[in-house]
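Colleague: I am new to this structure and would be grateful for a close look at a single part of it. Please begin with one residue and the element that holds it, and then follow the neighbouring elements outward.

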Amino acid sequence: MLSCEKVLYSENKIRKEMEGTSVKTIRYLALGDSYTKGESVSQRESFPYLLTDHLNKDSHSEVLETKVIAQTGWTTTSLLASINEQEFTDTYDLVTLLIGVNNQYQGKSIEAYQRDFIQCLQKATELAGGKSNKVVVISIPDYGYTPFGAGNREVISADIDAFNGVNKSIADSIGVSYINITSISRSGFEGLVASDGLHPSGKQYKLWVDAMQVVVKEKVWMK
């Protein structure tokens, strides 16, 4: 996060405390691929930063750090490699994980995805201080409902359902919260696709955050 944003959030925290509000500070880590990076939208329009802004508007919470580990084209293998290259000096109060569309797009097997996703979720939990109740898995959106994928929608949608079946099953098996945003990507509302004809627009990311907010706030306030 930019230093000016850190200063702004600190000022917000001071203001809230002066108003007599008990404020919980949060360190947030977002793990993923282009959907987490926010390809083709500004940083402020990407879902991790929209979520950060939402939490900072809450009178009881203040995000002091938002860290994003995500790049366009990353598979589960790419994400794991990047996490392993990082040096983490502390743990996070909230970790989101959204990964898998490039496994599907590149024709990787669902068995390999399952093995890697288990490791990704283990890493996410470690980075949340071993607290699975601080981790949120987000489903893979369906790019079959974009101009880029519309010509092969039936196959893409079936594959996305299969990959989401795997990540949801793994999340459920260890009690990690799961948020389904795939239905939003399939809703057909106007303006949900960015100018590249493939990735979500800021409008769609805002709908994702609307769907996440209740679960995320519960995670933030859990011990």
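Modeller: Ile110 counts as partly exposed, because its relative accessibility is 27%. As with everything that follows, this value comes from a predicted model. The residue belongs to helix α6, which covers residues 110–127. Leaving aside residues up to four places away in sequence, Ile110 touches Ala162, Phe163 and Val166. Ile110 and Val166 are 56 residues apart along the chain, while their C-alpha atoms are separated by 8.0 Å.

The helix as a whole may be considered next. Helix α6 has 18 residues, and at 1.5 Å a residue it should span 26 Å; the C-alpha atoms at its ends are 25 Å apart, which agrees. Its buried residues are Tyr113, Asp116, Phe117, Cys120, Leu121, Ala124, Thr125 and Leu127. These buried residues pack against β1, α4 (76–85), β3 (94–98), α5 (101–105), β4 (135–138) and α7 (153–173). Another residue of α6 is Gln119. With a relative accessible area of 39%, Gln119 is classed as partly exposed, because buried requires under 20% and exposed over 50%. The C-alpha atoms of Gln119 and Leu80 are separated by 7.6 Å, although their positions lie 39 residues apart along the chain. Just after the helix, Gly129 adopts a positive phi of about 70 degrees.

Strand β3 is one of the elements against which the buried residues of α6 pack. Five of the five residues of β3 are buried, so the strand is largely enclosed by the rest of the structure. Leu94, Thr96 and Leu98 point one way from β3, whereas Val95 and Leu97 point the other way; all are buried. In a regular strand, side chains alternate between the two faces of the sheet.

The pairing of the strands follows from here. Strands β1 and β3 run parallel and are joined by five bridges. Within this pairing, Leu29 stands opposite Val95 in β3. Strands β3 and β4 also run parallel, with three bridges between them. Here the bridge partner of Leu97 is Val137 in β4. Strand β1 (residues 24–32) is further joined to β2 by nine bridges, and these two strands likewise run parallel. Ile26 has Val63 in β2 as its bridge partner. Strand β2 spans residues 61–70 and is mostly covered, since seven of its 10 residues are buried. Arg27 lies over the face of Tyr92, at 4.4 Å from the ring centre. A second arrangement of this kind involves Arg153, whose charged end sits over the ring of Tyr145, 4.1 Å from the centre of that ring.

Aromatic residues provide a further set of contacts. The structure holds 10 aromatic pairs. In one of them, the rings of Tyr35 and Trp208 have centres 6.4 Å apart and planes at 65 degrees, so the pair is edge-to-face. Tyr35 lies in helix α2 (residues 34–37) and Trp208 in helix α9 (residues 202–221), so this pair ties together parts that are 173 residues apart in sequence. Both partners are covered: Tyr35 counts as buried at 3% relative accessibility, and Trp208 is buried with a relative accessible area of 0%. Phe47 and Tyr205 form another aromatic pair, which is tilted, with 6.4 Å from centre to centre and 45 degrees between the planes. This pair also links distant parts of the chain, because Phe47 is in helix α3 (residues 47–57) and Tyr205 is in helix α9, 158 residues apart. Phe47 is buried, with a relative accessible area of 0%, and Tyr205 is buried with a relative accessible area of 0%. Ring pairs link Tyr35, Phe47, Tyr205 and Trp208 into a cluster.

Helix α9 supplies Tyr205 to this account as well as Trp208. Its 20 residues should span 28 Å at 1.5 Å a residue, and its end C-alpha atoms are 27 Å apart, which agrees. The helix nevertheless contains a kink of about 50 degrees, centred on Gln213. The buried residues of α9 are Gly202, Gln204, Tyr205, Trp208, Val209, Met212, Val216, Lys219 and Val220.

Technical notes:
Residues numbered from 1 in each chain as written. Predicted model: local features only at pLDDT ≥ 70, side-chain atom pairs only at ≥ 80, totals over all residues. Heavy atoms only, no water. Buried < 20%, exposed > 50% of the residue type's maximum accessible area, 1.4 Å probe, protein only. Helix = DSSP H or I, 4+ residues; strand = E, 2+ residues; numbered from the N terminus. Pairing = 2+ DSSP bridges. Phe/Tyr/Trp six-rings, centres within 6.5 Å; stacked < 30°, edge-to-face > 60°. Lys NZ or Arg CZ within 6 Å of the ring centre and 35° of its normal. Expected span 1.5 Å × (residues − 1). Bend = angle between axes of the 7 residues up to and from the residue. Contact = heavy atoms within 4.5 Å.
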